[in-house]
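Here is a quick tour of a protein chain, written for someone who would rather look at the model than read a long table. Keep the structure open next to the text as you go.

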Amino acid sequence: MSRRFLVALGGAVLALSLAACSGEGAGSGDGGGGDKPADLTIGVSMPTQTSERWIADGNSVKEKLEAKGYKVDLQYAGDDIPTQSQQVDQMITQGADVLIIAAIDGTALSGQLQAAADAKIPVIAYDRLIRDSKNVDFYVSFDNYKVGVAQATALLVGLGLQNKDGSKGSAAGPFNIELFAGSLDDNNAHFFFDGAMDTLKPFIDNKSLRVKSGQTAIEQVAILRWQQETAQKRMEDLLTSSYNDGSKVQGVLSPYDGLSRGIITALQNAGYGASANKMPVVTGQDAEIASVKLINDGVQSSTIFKDTRLLAEQAVIAGEAFLQDKDPQANDTKTYDNGVKVVPSYLLPVQTVYKDDIKPVLIDSGYWTADEVKSGQAKG
C-alpha cells in the first residue's frame, strides 16, 4: 500500500467518523441496517487501468470500504464496454448489496441497471454520470462545469489576459489558441467544455483569442476515450493544416493531463519549447504525476486538482447510507439530468494548480511527495 493511500485512509476514517456524528457529507446515519459490514459486499466498477487516476480511485474506494469492514469486489474494465457490462452483470448475480460504477460509456449500462433495480441494489454513479436510465440512485462527483471554468481561466491567466484574482491582465492579444475536449460518451466532457467555452467566449468575441483552425464545436475537438495518442495526432494535424504559414499556437485548452502530454509531445516535435520558440500555455486536469512534473519544470502551465481521496470518501458515505436504508445527503438536486431523471448528487470543489501551488496543495496534503514530483513517477 502506498504512502499516499495510507495518508488518505487515515484521513478517511476520521472524516467518516465525524460525518456520522455531525451529519456532514453525502449521507449520515446511526446504523439503521441490520446486517454487519462483513456480511455485505459492494461492487466497484472502474473504467480502466491505463490512467493512474482511475487506479488511485479504485484502490482508494476499496481501502476505505474495507477499513469499515465491508467486502469489496473491485473490477477494472480495460476501457471495453462489453467487459464492463459483463463485470457489472457478475456483481449483480453474485449478490452485491451496492454498486459504485464509473462508466466507460454513460449510456451503455441500462440493462445492467434495470437488473440491479429488480434486485433492489442501489447504484451510485462515480464521477461519470450514467445516462438514460431511471435506475441511477445517486451521483458523487466534482462540480464539472466549474472544472471547465477553471481550465479556461487558467488558460487566460497563462496568456496574461486575466490575473489569478479575476482582474484584467496586462496582455491584449490576439492569441492563437486551439481547443480539445474529452470523449463524447463521457457526460463530464460536455460539462467541462461548456464551462470552458462560456468563459472563453467573451474573449473570442472581442478578438483577444482566435481559434485559428476554426474548430470550436465539441464534436470537432473531442478525443474518443480520452486517448493521449489521439490527442497527439490531432495536435500534429492542426499544426500542419493551420500553422503552416509561420504563425504560432500560443494556448491550448486541454481538459485532461493525459491529453495534455500528447499535445505537448506534438508541440515539442514541432520545435516548440526550444530556443525562442516558446511553449504554448497548456491546461490540464487530474494532477497526474507526470504532468505535475511538467508543470514543475515549466512545460505544462496548470492542472485542475480533484482530490479523489475525498470523492472516494463520499462514495463510501453514500453507500453506507443506502445500506442503512437511508437516502444519502445531496448538495445538488437540480444540475445532473441524465435524460430520464435528475439524479441527486454530492459535488466536491476543485483547485487549480500552477507551479507555485504544487507544494502547498499536492505535497503538503500527502497526495504526492517531493521526490515523486521531481521524478515524475509515483512510488506505488
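Let's start in the middle of things, with Ile-100. Setting aside neighbours within four places in sequence, Ile-100 is in contact with Ile-42, Gly-43, Val-44, Ser-45, Val-61, Leu-65, Ile-124, Tyr-126 and Ala-315. Bear in mind that this is a predicted model.

Ile-100 belongs to the largest nonpolar core, which has 28 residues; together with Val-44, Leu-65 and Tyr-126, Ile-100 touches the most other members. Who supplies this core? At least two residues each come from β1 (41-46), α2 (52-67), β2 (71-76), β3 (98-101), β4 (123-126), β5 (138-142), α11 (308-323) and β11 (345-348). The top contributor is α11, with seven residues. There is also a second, separate core of 26 residues, and among its members are Phe-192, Val-249, Ile-263 and Ile-304. As a general point, nonpolar side chains in soluble globular proteins tend to be buried together.

Now for β4. This strand is covered on both faces: Val-123 and Ala-125 are buried on one side, and Ile-124 and Tyr-126 are buried on the other. To get from β3 to β4, the chain passes through helix α4 (residues 110-118), and this β-α-β crossover is right-handed. The table collects some of the strand pairings, including those of β4.

| Strands | Bridges and direction | A bridge pair |
|---|---|---|
| β3 and β4 | Three, parallel | Leu-99 with Val-123 in β4 |
| β4 and β5 | Three, parallel | Tyr-126 with Val-140 in β5 |
| β6 and β7 | Three, parallel | Phe-175 with Leu-209 in β7 |

The last row leads to another sheet to look at. Four strands, in the order β7-β6-β8-β9, make up an open sheet with parallel pairing. β7 (209-211) and β9 (281-282) are at the edges with a single partner strand each, so one side of each has no neighbour in the sheet. Helix α5 (residues 144-159) packs on this sheet and touches β6, β7, β8 (251-253) and β9; the direction of α5 makes about 175° with that of β8.

Finally, a look at a loop. Ala-276 is found between α9 (257-269) and β9. Is Ala-276 buried or exposed? Its relative accessibility is 76%, and because the cut-off for exposed is over 50%, Ala-276 counts as exposed. Ala-276 and Leu-224 are 52 residues apart in sequence, and their C-alpha atoms are 34 Å apart in space.

Conventions: Residues numbered from 1 in each chain as written. Predicted model: local features only at pLDDT ≥ 70, side-chain atom pairs only at ≥ 80, totals over all residues. Heavy atoms only, no water. Pairing = 2+ DSSP bridges. Contact = heavy atoms within 4.5 Å. Axes fitted to C-alpha atoms, helices over the stretch in contact; angles between N-to-C directions. Buried < 20%, exposed > 50% of the residue type's maximum accessible area, 1.4 Å probe, protein only. Core = buried A, V, L, I, M, F, W, Y, C linked by side-chain atoms within 4.5 Å. Right-handed = clockwise from strand over helix to strand, strands pointing away.
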